[in-house]
Amino acid sequence: MQRRPGETLFGVVLLGLGVFAIYIASALPFGSLNSPDSGLFPVYIGVALTMFAALSLVARVPAASEPAERAGLVRVLVLIAAIAMYAWLLPRAGFI
């Protein structure tokens with residue numbers, strides 16, 4: 001199954017970003033799980049980003065057909081509309 005070059009490039013960029021985030025966050029004090037310091041969260045986020053990027057590079061996804069891509073686009077647009085509606089309604093519901 002053939003991967004599109006853009007998918008591979010995106011995975012490589014995310015992998016590099018994750019490794020870079022871990023490198024930069026390693027200079028911050030880490031602390032412990034009971035007493036976290038400023039570097040704990042960025043390191044965990046960098047590790048998660050690196051793992052998911054590596055999984056996306058290793059995964060073999062079959063090439064999607066045109067109707068599946070259109071359905072995916074519709075789902076993304078519905079999600080964006082739902083998030084916008086949530087952001088618009090939240091202050092009106094009484095939350096700051």
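**Exercise 1.** Classify I24 as buried, partly exposed or exposed in this predicted model.

*Solution.* The relative accessibility of I24 is 45%. Buried requires under 20% and exposed over 50%, so I24 counts as partly exposed. I24 sits in helix α1.

**Exercise 2.** Name the residues that make the nonpolar surface patch with I24, and give its area.

*Solution.* L17, F20, Y23 and I24 make the patch. Its area is about 460 Å².

**Exercise 3.** Place Y23 in the structure, classify its exposure, and state how far its C-alpha is from that of V43.

*Solution.* Step one: Y23 belongs to helix α1. Step two: its relative accessibility is 59%; the cut-off for exposed is over 50%, so Y23 is exposed. Step three: the C-alpha atoms of Y23 and V43 are 8.4 Å apart, with a sequence separation of 20 residues.

**Exercise 4.** How many aromatic pairs does a search of the whole structure find? Determine the geometry of the pair of F30 and Y44.

*Solution.* The search gives one pair. The ring centres of F30 and Y44 are 6.1 Å apart, and the planes meet at 85 degrees. Centres must lie within 6.5 Å, and planes over 60 degrees apart count as edge-to-face; the pair is therefore edge-to-face.

**Exercise 5.** Which parts does the pair of F30 and Y44 tie together, and are F30 and Y44 buried or exposed?

*Solution.* F30 is in the loop between α1 (5-25) and α2 (40-58), whereas Y44 is in helix α2, so the pair ties together parts 14 residues apart in sequence. F30 has a relative accessible area of 34% and is partly exposed. Y44, at 41% relative accessibility, is also partly exposed.

Key
Residues are numbered from 1 along each chain as its sequence is written. This is a predicted model: local features need pLDDT of at least 70, side-chain atom pairs count only at pLDDT 80 or more; totals for chains, interfaces and linings use all residues. Side-chain values use heavy atoms; hydrogens and water are left out. Rings of Phe, Tyr and Trp (its six-membered ring) pair if their centres lie within 6.5 Å; planes under 30 degrees apart count as stacked, over 60 as edge-to-face and the rest as tilted. Helices (H or I, at least four residues) and strands (E, at least two) are DSSP runs, numbered from the N terminus. Buried means under 20% relative accessible area, exposed over 50%, partly exposed in between (1.4 Å probe, protein chains only). Patches are made of residues with over 30% relative accessible area and no salt bridge: like charges are joined within 9 Å, nonpolar side chains (Val, Leu, Ile, Met, Phe, Trp, Tyr) within 5 Å. Accessible areas come from the Shrake-Rupley method with a 1.4 Å probe; for residues, only the protein chains shown count as cover. A salt bridge is a side-chain nitrogen of Lys or Arg within 4 Å of a carboxyl oxygen of Asp or Glu.
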